[in-house]
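Here is a short briefing for someone meeting this structure for the first time. Keep the sequence and the 3D view open while reading.

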Amino acid sequence: MTDPAPETATQGGGFDPSAFEGILSRLGHGGHLGMRYRAHGVGWVEMELPYSEKLIGDVESGIIASGPIISLMDNATSLSVWTAIGEFRPQVTLDLRVDYMRPATPGKAVIGRGECYKVTRSMAFVRGVAHDGDADDPVAHVVGTFIRVDNFLG
């Protein structure tokens with residue numbers, strides 16, 4: 001995955017995912033899971049899923065279930081599209097492939113970095129990595145496609 005410059009805002013003001021921090025931490029699925037914004041630049045966003053006992057999928061091992069990690073990566077990659085185009089536009093996850101490399105370490109937060117690397121008139125293409133402290137030892141890699149529905153609403 002490429003590593004775009006660690007800018008803190010999109011060019012020309014554009015879309016600022018840090019403005020979603022209050023929404024993410026209070027409302028909807030992301031709020032229920034405890035997702036938090038970490039950082040962003042043009043075409044990329046980092047989010048964090050703090051470790052929580054309510055997210056455990058295997059009680060004996062304390063490992064976080066796969067669903068919350070998929071949700072983290074869906075959110076991070078979705079937000080990356082908006083930073084790439086510089087504005088919010090309605091979109092839907094068309095495909096999100098998740099390749100798990102290993103279980104997340106019990107007790108550690110999972111960090112998800114999503115990158116939008118190509119946008120067309122109606123599609124956006126994304127990739128990302130989830131890790132628990134070392135991006136060179138990923139929990140999962142993702143690749144996906146979003147369909148921009150604003151082009152089809154008339």
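The points below cover the nonpolar core, the aromatic rings and the charges that sit over rings.

This is a predicted model. Its largest nonpolar core has 25 residues. The structure also holds two aromatic pairs.

**Nonpolar core**
- Within the 25-residue core, M47, L49, I69, L72, V81 and V110 touch the most other members.
- Two or more core residues come from each of β2 (44-49), α3 (66-85), β6 (110-119), β7 (123-131) and β8 (140-148).
- Helix α3 gives the most, with seven residues.
- V110 has contacts with M47, E48, L49, I64, L72, A104, A130 and H131, leaving aside residues up to four places away in sequence.

**Aromatic rings**
- The structure has two aromatic pairs.
- One of them joins F15 and W82 edge-to-face, at 5.3 Å centre to centre and with 70° between the planes.
- F15 lies in the segment before α1 (21-26) and W82 lies in helix α3, so this pair ties together parts that are 67 residues apart in sequence.
- F15 counts as buried because its relative accessibility is 8%, under the 20% cut-off.
- W82 is buried too, with a relative accessible area of 10%.
- Ring pairs link F15, W82 and F88 into a cluster.

**Charges over rings**
- R113 places its charged end over the ring of W44, 3.9 Å from the ring's centre.
- R127 has its charged end over the ring of Y117, 4.1 Å from the centre of that ring.

Methods
Residues are numbered from 1 along each chain as its sequence is written. This is a predicted model: local features need pLDDT of at least 70, side-chain atom pairs count only at pLDDT 80 or more; totals for chains, interfaces and linings use all residues. Side-chain values use heavy atoms; hydrogens and water are left out. A nonpolar core is a set of buried Ala, Val, Leu, Ile, Met, Phe, Trp, Tyr and Cys residues joined through side-chain atoms within 4.5 Å. Buried means under 20% relative accessible area, exposed over 50%, partly exposed in between (1.4 Å probe, protein chains only). Helices (H or I, at least four residues) and strands (E, at least two) are DSSP runs, numbered from the N terminus. Contact means heavy atoms within 4.5 Å. Rings of Phe, Tyr and Trp (its six-membered ring) pair if their centres lie within 6.5 Å; planes under 30 degrees apart count as stacked, over 60 as edge-to-face and the rest as tilted. A charge sits over a ring if NZ of Lys or CZ of Arg is within 6 Å of the ring centre and within 35 degrees of the ring normal.
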